[in-house]
Amino acid sequence: MVLVITPALGALRPEWAEAAAGLGASRRAYFFRVALPILRPALAASFMLLCANALGAYATAFALAQDNVNLLPIKIGFLMTGDVSLDAGLASALAVALVALMALLIVGYQVLMARARRVA
């Protein structure tokens, strides 16, 4: 996330803060009316990237939750190994849903980063 947000923070020009202050805006008003709209695409893209990373982190989720939490990657792993019941068809369907969700997150990330580059 730091790699995605840092260039967006660098794109904020000091002149914008000076202009906002010259027009009587407080620092809070500058943040919410100038800086946040500029940073919003990069923040949303970072969130999508972190969500995609979390969906793919099977080992960490399994180590922390074991079978106490029904996370999608853990459920797919249990259905494929047959610890409780072997259902390769359901596991494949869940994997396709996971791939579709990941593709949606990655496409959203690309769109938002293109928008963030245009603003910067």
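This note goes through the predicted model point by point, from its overall form to single residues.

1. Overall make-up. The protein is built from six helices and has zero strands, and from the N terminus on its elements follow the order α-α-α-α-α-α. Its radius of gyration is 21 Å, well over the 14 Å that the globule rule gives for 120 residues, so the protein is more spread out than a compact globule. The box filled by the C-alpha atoms, taken along the principal axes, is roughly 70 × 25 × 20 Å.

2. Surface and contacts. Of the 120 residues, 26% count as buried, while the accessible surface of the protein comes to about 8100 Å², with 67% of that area belonging to carbon and sulfur atoms. If one takes the contacts between residues at least 6 apart in sequence, 50% of them join residues that are at least 24 apart.

3. The two sides of helix 1. Helix 1 covers residues 2-11, and its buried residues are V4, I5, A8 and A11. These residues cover an arc of only 110° around the axis, which puts them on the same side of helix 1. On the face turned away from that buried side, the helix carries the exposed residues V2, L3, P7 and G10.

4. The largest nonpolar core. In soluble globular proteins, nonpolar side chains tend to be buried together. In this model the largest nonpolar core has 10 residues, namely I5, A8, L12, A20, Y30, A35, I38, L39, A42 and A116. The elements that give two or more residues to this core are helix 1 and helix 3, the latter spanning residues 27-56, and helix 3 gives the most, with five residues. A reader tracing the core on the structure may also look at A116, which touches P41 and A42 when residues up to four places away in sequence are not counted.

5. A second core. Separate from the core just described is a second one of seven residues, which includes I76, A91, L98 and L105. One member of this second core, L105, has its C-alpha atom 7.7 Å from that of C51, although the two residues are 54 apart along the chain. C51 has its place in helix 3, and with a relative accessible area of 24% it is partly exposed; since buried means under 20%, C51 does not count as buried.

6. A buried serine. Which residues does S46 touch, not counting residues up to four places away in sequence? The answer is M1, V4 and I5. S46 lies in helix 3 and counts as buried, because its relative accessibility is 0% and the limit for a buried residue is under 20%. Of the residues that S46 touches, V4 and I5 are among the buried residues of helix 1, and I5 also belongs to the largest nonpolar core.

7. The aromatic pair. The structure holds one aromatic pair. The rings of F31 and F32 have their centres 5.2 Å apart and their planes at 80°, so the pair is edge-to-face, given that planes over 60 degrees apart are classed in that way. Are these two residues buried or partly exposed? F31, at 39% relative accessibility, counts as partly exposed, and F32, at 44%, likewise counts as partly exposed.

Definitions and conventions: Residues are numbered from 1 along each chain as its sequence is written. Side-chain values use heavy atoms; hydrogens and water are left out. Buried means under 20% relative accessible area, exposed over 50%, partly exposed in between (1.4 Å probe, protein chains only). Helices (H or I, at least four residues) and strands (E, at least two) are DSSP runs, numbered from the N terminus. The arc is that of the directions from the helix axis to the C-beta atoms. A nonpolar core is a set of buried Ala, Val, Leu, Ile, Met, Phe, Trp, Tyr and Cys residues joined through side-chain atoms within 4.5 Å. Contact means heavy atoms within 4.5 Å. The radius of gyration is taken over C-alpha atoms; the globule rule is 2.2 Å times the number of residues to the power 0.38. Accessible areas come from the Shrake-Rupley method with a 1.4 Å probe; for residues, only the protein chains shown count as cover. Rings of Phe, Tyr and Trp (its six-membered ring) pair if their centres lie within 6.5 Å; planes under 30 degrees apart count as stacked, over 60 as edge-to-face and the rest as tilted.
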